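Trainee: Please take me through one part of this model at close range. I'd like to start from a surface position and work inward from there.

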Amino acid sequence: MPTLGIIGTGNIGAAVARLAVAAGIPVVVANSRGPESLTGLIAELGSLATAGTVEQAAQAGDLILLSVPLTAHTAIPADLLNDKVVLDTSNYYPHRDGRIAELDQDKITTSELIHRHFPQARLVKAFNNILAHHIPQLARPVDAPDRTALPIAGDDADAKTAAAALIHQLGYDTVDAGTLAQSWRIEPETTAYTRLYLADPATPGEQMMQAPASPVPAAELRRALEAAERVHVADRVF
């Protein structure tokens with residue numbers, strides 16, 4: 001079974017790690033604080049999980065989940081992810097990340113910014129458009145009638161195929177959202193971002209982190225992607 005390296009053990013990284021071990025996929029998890037800070041998570045995840053340094057997670061992973069704050073990605077040596085299929089969960093939140101002029105001006109997308117630092121990585125944007133607590137709620141077996149779809153975007157067709165296969169094992173269908181340049185379609189405040197998966201899309205923002213999820217089939221996700229309009233950072237709610 002291929003190993004998943006997870007760099008970043010915040011809400012998204014930990015949620016994906018839980019799905020991975022439940023699916024029988026070994027994981028090596030790492031964060032900026034070191035393996036000793038991951039004792040509790042490893043105990044929860046069980047025998048398929050190992051804590052390591054960022055370097056060890058990158059080396060061990062056949063695929064890598066990169067789930068760190070946007071401004072933290074440059075602290076990771078670029079060559080660590082050379083030739084790796086990397087699932088990038090990044091989003092740009094100015095209130096957290098500060099202002100980044102190229103993103104404010106829509107000159108590049110968040111994942112293009114990440115890819116510029118890791119030019120030899122085979123980057124696929126994934127798991128960025130769904131709330132962390134919805135990830136375990138919506139995962140379903142392959143034959144479930146209410147299986148949910150997640151979008152992926154990237155420039156490398158083979159990398160997208162590999163990412164889709166992993167996501168399939170974790171309990172989701174996938175829909176191709178285009179290239180990294182087109183990945184704005186799944187960034188904050190677009191029609192395919194987070195609220196699409198809420199049981200009540202009108203849930204106020206302060207309540208979203210506890211709100212229940214509702215399955216989103218592939219056809220519904222495709223309609224949301226087709227309807228997407230680019231939302232300028234100044235107009236975002238978050």
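Mentor: Happy to! Let's begin with Q59, which sits in helix α3 (residues 54-60); helices are DSSP runs of H or I with at least four residues, strands are runs of E with at least two, and both are numbered from the N terminus. This is a predicted model, in which local features need pLDDT of at least 70 and side-chain atom pairs pLDDT 80 or more, while totals for chains, interfaces and linings use all residues. Residues are numbered from 1 along each chain as its sequence is written, and side-chain values use heavy atoms, leaving out hydrogens and water.

Q59 counts as exposed because its relative accessibility is 60% (exposed is over 50% relative accessible area, buried under 20%, partly exposed in between, with a 1.4 Å probe and protein chains only). Its C-alpha atom is 22 Å from that of L170, a residue 111 places away along the chain.

Now inward, to strand β5, where V85 lies. V85 is buried, at 6% relative accessible area. Beyond its neighbours within four places in sequence, V85 is in contact (heavy atoms within 4.5 Å) with L63, I64, R122, A159 and A162. The C-alpha atoms of V85 and A177, 92 residues apart along the chain, are separated by 17 Å.

After β5 (85-88) comes the loop leading to α4 (94-97), and T89 is in that loop. T89 is buried too, with a relative accessible area of 9%. Its side chain makes a polar contact with the side chain of S67 at 3.0 Å (a pair of N or O atoms within 3.5 Å, where within protein one must be able to donate a hydrogen and the other to accept it, and residues adjacent in sequence count only if both atoms are side-chain atoms). Apart from residues up to four places away, T89 also touches I12 and F127, among others.

I12 takes us to helix α1, where I12 is one of the buried residues, along with G13, A14 and L19, for instance. Since 9 of its 12 residues are buried, α1 is largely enclosed by the rest of the structure. The end C-alpha atoms of α1 are 17 Å apart, which agrees with the 16 Å that its 12 residues should span at 1.5 Å a residue (1.5 Å times one less than the number of residues). Just after α1, G24 takes a positive phi of about 85°.

Where does F127 fit? In the largest nonpolar core, with 52 residues, F127 is among those that touch the most other members, together with L4, V27, L87, I135 and L221 (such a core is a set of buried Ala, Val, Leu, Ile, Met, Phe, Trp, Tyr and Cys residues joined through side-chain atoms within 4.5 Å). Helix α1 (residues 11-22) gives the largest share of this core, 8 residues. A second, separate core has 25 residues, including I7, A58, I100 and I114.

To finish, I12 and N11 are among the residues nearest the centre of the largest pocket, as are N91, Y93 and R96, in a lining of 23 residues. Both α1 and α4 supply at least two residues of that lining.

Note on methods. 1 Å grid on protein atoms, 1.4 Å probe; cavity = no way out; pocket = protein on both sides within 12 Å on 5 of 7 lines; lining within 4 Å.
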